[in-house]
Amino acid sequence: MGKGLICGEEAVTMPDSLGVCLKCIRGKMRSSKCEADVNMLKDEILYLSKADIERLDISMEEIISVVEQAFREKAKGEVEVPPKPGIHPQKDAFIHAMPAYLPNMKAAGVKWVSGFPKNPERGLPYISGLLVLNDVETGFPLCVMDCTWITAKRTGAATAVAAKYLAKEDSKTFGVLGCGVQGRSNLEALLVVCKELEEVRAYDVSAENLQKYVEEMTAKHELRIVPVDSPRKAVENCDVVVTAGPILRQLSPVIEAPWFKHGGFACPLDFDSYWKPKAMRSMDKFCTDDREQLKYYRQQGYFQDIPRVYAELSEVVSGEKFGRENPEERIMAMHLGLAIEDMATAVLVYKKAKEKNVGIKLPL
Ligand SMILES: NC(=O)c1ccc[n+]([C@@H]2O[C@H](COP(=O)([O-])OP(=O)(O)OC[C@H]3O[C@@H](n4cnc5c(N)ncnc54)[C@H](O)[C@@H]3O)[C@@H](O)[C@H]2O)c1
């Protein structure tokens, strides 16, 4: 214990490292002179379940806006987002630790997220996990939330941010391979930036999943949702293509270079599992969301045969590098998923939850 900080007129004894008034942390007194946000620094955290987060009614427009802002911050070099370490308890499964800090968005925290490919056979979602949001002044945990909603929405939002700069503005057809959670959220997000979308060509290895997707998306969006019976039909003549099947260690990619039209924009979410190396090499521009993360994955054995990276999404968003320059270019954005997207969205979720008094307070 050292000499404490002055809070109001009063000196209190507290650990120097804490840097804020101990009394305020305990919520016993408030002072305009104390810099700490007393509401945030009680001995408690807010817990938000998936249902709590869904109740907040956060729009995809809002998520796209904070995710785009996160990429602007990255372009300024003002974020910390180390490559995500992972453990792999089952074949093709992962549990990743994803920390990030965005000073200007006052966002700091970590997502602990797993993807287990056998879960759907057990009637469980592929993705599960938690996100911890920390106070940037004290490091104290503020909130623990389910991360499945955030993972679905922010990934769609990142695709939409990329499409805003890299897809043709008048894109009309969307091909989706893998009609699960991401197939849904990516369509929702793309509709915000590709206002002229008319038709979705949907492919899934599971006839049941495909049928559910067609029914749900037809009811939700004013679009033609056309089921197709081969990957090729979901790629050919599509202006935007998202692949969202499983990430595989043993690759058996099927998408061939000539299937992908000139002027197309592709966003693989399943790494290099779906696109043949030649197809990726046929792109005029090959982008990614993070070079360091890509390098890290290469060391882990993924992405052994990919083209040179033209730009990171942050460089395109900030105008440092050109996005789409003509209607003939074929462009791919290899999205690995970044924790800056999660933390930027988590701050939005946390603020809304506090405004609306949603969630359960738990003691620390
Ligand atoms: N890059 C990112 O930021 C990011 C974020 C989240 C998820 N992902 C990845 O996105 C992918 C999809 O995740 P999800 O949560 O939507 O999973 P999900 O289980 O909800 O959906 C996957 C769908 O793909 C189908 N499928 C399986 N193999 C297929 C194949 N060969 N061709 C077509 N469809 C196939 C399944 O039947 C299922 O309907 C996963 O690979 C996941 O790791 C990436």
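This report describes a mixed sheet, the helices that pack in this fold, and the residues around the ligand, all in a predicted model.

The sheet is open and holds seven strands in the order S4-S5-S6-S7-S8-S3-S17, with mixed pairing. At its edges stand strand S4 (86-87) and strand S17 (360-363), each of which has a single partner strand, so one side of each is left without a neighbour in the sheet. Further in, strand S3 (residues 44-48) runs parallel to strand S8 (residues 141-146), and three bridges join the two; in this pair, Leu46 stands opposite Cys143 of S8. Helix H4 (residues 148-166) packs on the sheet, where it touches strand S6 (107-115), strand S7 (127-134) and S8, and its direction makes about 90° with that of S7.

A helix pair can be described in similar terms: helix H3 (residues 60-75) packs with helix H5 (residues 181-193) at an angle of about 80°, their axes lying 10 Å apart. The two helices, H3 and H5, are therefore roughly perpendicular to each other. On the H3 side the contact involves Met60, Glu61 and Ile64, which meet Glu188, Ala189 and Val192 of H5.

The ligand has 27 residues around it, of which Gly178, Gly180, Gln182, Gly245 and Gly337 come nearest. Two elements, H4 and H5, give two or more residues to this shell, and H5 supplies the largest share, three residues.

The composition of the helix contact and of the ligand shell is set out below.

| Site | Nonpolar residues | Polar residues | Charged residues |
|---|---|---|---|
| Contact of H3 with H5 | four | no | two |
| Shell around the ligand | 13 | twelve | two |

How values were computed: Residues numbered from 1 in each chain as written. Predicted model: local features only at pLDDT ≥ 70, side-chain atom pairs only at ≥ 80, totals over all residues. Pairing = 2+ DSSP bridges. Helix = DSSP H or I, 4+ residues; strand = E, 2+ residues; numbered from the N terminus. Contact = placed C-beta atoms within 7 Å. Axes fitted to C-alpha atoms, helices over the stretch in contact; angles between N-to-C directions. Parallel < 35°, antiparallel > 145°, perpendicular 65-115°, else oblique. Nonpolar A, V, L, I, M, F, W, Y, C, P; charged D, E, K, R; others polar. Near = placed C-beta within 6 Å.
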